[in-house]
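Dear colleague,

Please find below the structure that I agreed to pass on to you. My findings follow after it, arranged by topic.

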Amino acid sequence: MAYEDQYQQSKYDTLLFDVDDTLYPLSTGFSNECAKNIQEYMVQKLGIQQNKVFQLNQELYKNYGTSMAGLKAIGYDFDNDEYHSFVHGRLPYGKLKPDHVLRNLLLSMPLRKVIFSNADNAHVSKTLRKLGLEDCFERIICFETLNPNDKTSCRFDDKNDVQFGSENFDNPCQSDIGSILPKTPILCKPFEDAFEQAFKLANINPQTTIFFDDSIRNIQKGKQLGLTTVLVGKSNRISGADYVLESIHNIKEALPELWEENDKKSETMKYTGNVAFGTSVTA
């Protein structure tokens, strides 16, 4: 069914949410824990020197969207599930508590809600359960959804040719994404093909969708693709963000029209129903 035919009456029909540092605050510390686990994985499982992992991790994340995508691009071949288990499986999920305020906000919004995360399904599902939000979303778009073959490895005859610091992989921070860098087999935000795949899988029309994310680059790419964008966890407006929320709990304050529109629709339906009833009686 075409987008336009589904929700002709509403300005918006879909809310698209990131998970990490969006549905829960940055202060939880999961981002730092993830970074620590990634660096430990690079040393323990991939044999990268300890004194190089911090800078390498930063530059791969900057240029490839995720550290995993960058590691695959520069020639490291490892099992995706093992990586996710090492990076996410050891997170202190006990720090996440049921968020009754957010749950009530989500359930009161009369729009369909979709998750769009670079993380694996196990992490997304566990996070939503811990927050008490597991039944608030219609669909989850995550790593496995975007990379269904689960065999996303990139092999090279000589891995040293593309390692960080080599002539072929000089300094990724000084180059634009997609210029001289090796291509990654991983599909992920903030790249357009990942957004387009999510739109296709969830039947999303970006022109009628509001996108919530804590990442500035994800927000800016979403804006370029036609989404109405909400930057979460920040206080200052940036280019590409239509709205900025210090907390996801501030949705109703920033976007009251999402509820007002539903109230108006309910009144219209009630009025229309009364007219129909009156007509049938007089007939």
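A residue is called buried here if its relative accessible area is under 20%. By that criterion, Thr228, Val230 and Val232, which point one way from strand S5, are buried, and so are Thr229 and Leu231, which point the other way. Please bear in mind throughout that this is a predicted model.

**Overall picture**

The protein contains 12 helices and 6 strands. It has 283 residues, of which 48% count as buried. Its accessible surface comes to about 14,500 Å², and carbon and sulfur atoms hold 48% of that area. Among contacts with a separation of 6 or more, 66% are between residues 24 or more positions apart.

**The sheet**

The 6 strands form an open sheet with parallel pairing, in the order S3-S2-S1-S4-S5-S6. Strand S3 (139–141) and strand S6 (243–245) are at the edges; each has a single partner strand, so one side of each lacks a neighbour in the sheet. From one strand to the next, the twist averages 20°. In general, the strands of a sheet pair through backbone hydrogen bonds, in either a parallel or an antiparallel sense.

**Strand S2 and its partners**

How many residues of strand S2 (residues 112–116) are buried? The count is 5 of its 5 residues, and the strand is thus described as mostly covered. The cover extends to both faces: Arg112, Val114 and Phe116 are buried on one side, and Lys113 and Ile115 on the other.

S2 pairs with strand S1 (residues 14–17) in the parallel sense over 4 bridges, and here Phe17 of S1 stands opposite Ile115. S2 is also joined to S3 by 3 bridges, again running parallel, with Phe116 opposite Ile141 of S3. Between S2 and S3 the chain passes through helix H7, in a β-α-β crossover that is right-handed.

**Strands S4, S5 and S6**

Strand S4 (residues 209–213) and strand S5 (residues 228–232) pair in the parallel sense over 4 bridges. Phe212 stands opposite Val230 in S5. Helix H10 (residues 216–224) packs on the sheet, where it touches S4 and S5, and its direction makes about 170° with that of S5.

Why can S5 be called largely enclosed by the rest of the structure? The reason is that 5 of its 5 residues are buried. Another facing pair is Phe211 and Thr229 of S5. The chain reaches S5 from S4 by way of H10, and this β-α-β crossover is right-handed.

On towards S6, 3 bridges join S5 to that strand, and the two run parallel. Leu231 has Val244 in S6 as its bridge partner.

**Helix H2**

Helix H2 covers residues 30–44. At 1.5 Å a residue, its 15 residues should span 21 Å, and the C-alpha atoms at its ends are 21 Å apart, so the expected and computed values agree. The buried residues in H2 are Phe30, Cys34, Asn37, Ile38, Gln39, Tyr41 and Met42. What do these buried residues pack against? Their partners are helix H3 (50–64), helix H4 (67–73), helix H5 (80–87) and helix H7 (121–131). H7 is also the helix through which the chain crosses from S2 to S3.

With kind regards

Key
Residues are numbered from 1 along each chain as its sequence is written. This is a predicted model: local features need pLDDT of at least 70, side-chain atom pairs count only at pLDDT 80 or more; totals for chains, interfaces and linings use all residues. Side-chain values use heavy atoms; hydrogens and water are left out. The expected span of a helix is 1.5 Å times one less than its number of residues. Buried means under 20% relative accessible area, exposed over 50%, partly exposed in between (1.4 Å probe, protein chains only). Contact means heavy atoms within 4.5 Å. Two strands pair if DSSP finds at least two bridges between them. Axes are lines fitted to C-alpha atoms, for helices over the stretch in contact, and angles run from 0 to 180 degrees between N-to-C directions. Accessible areas come from the Shrake-Rupley method with a 1.4 Å probe; for residues, only the protein chains shown count as cover. A crossover is right-handed if, with the strands pointing away from the viewer, the path from the first strand over the helix to the second runs clockwise.
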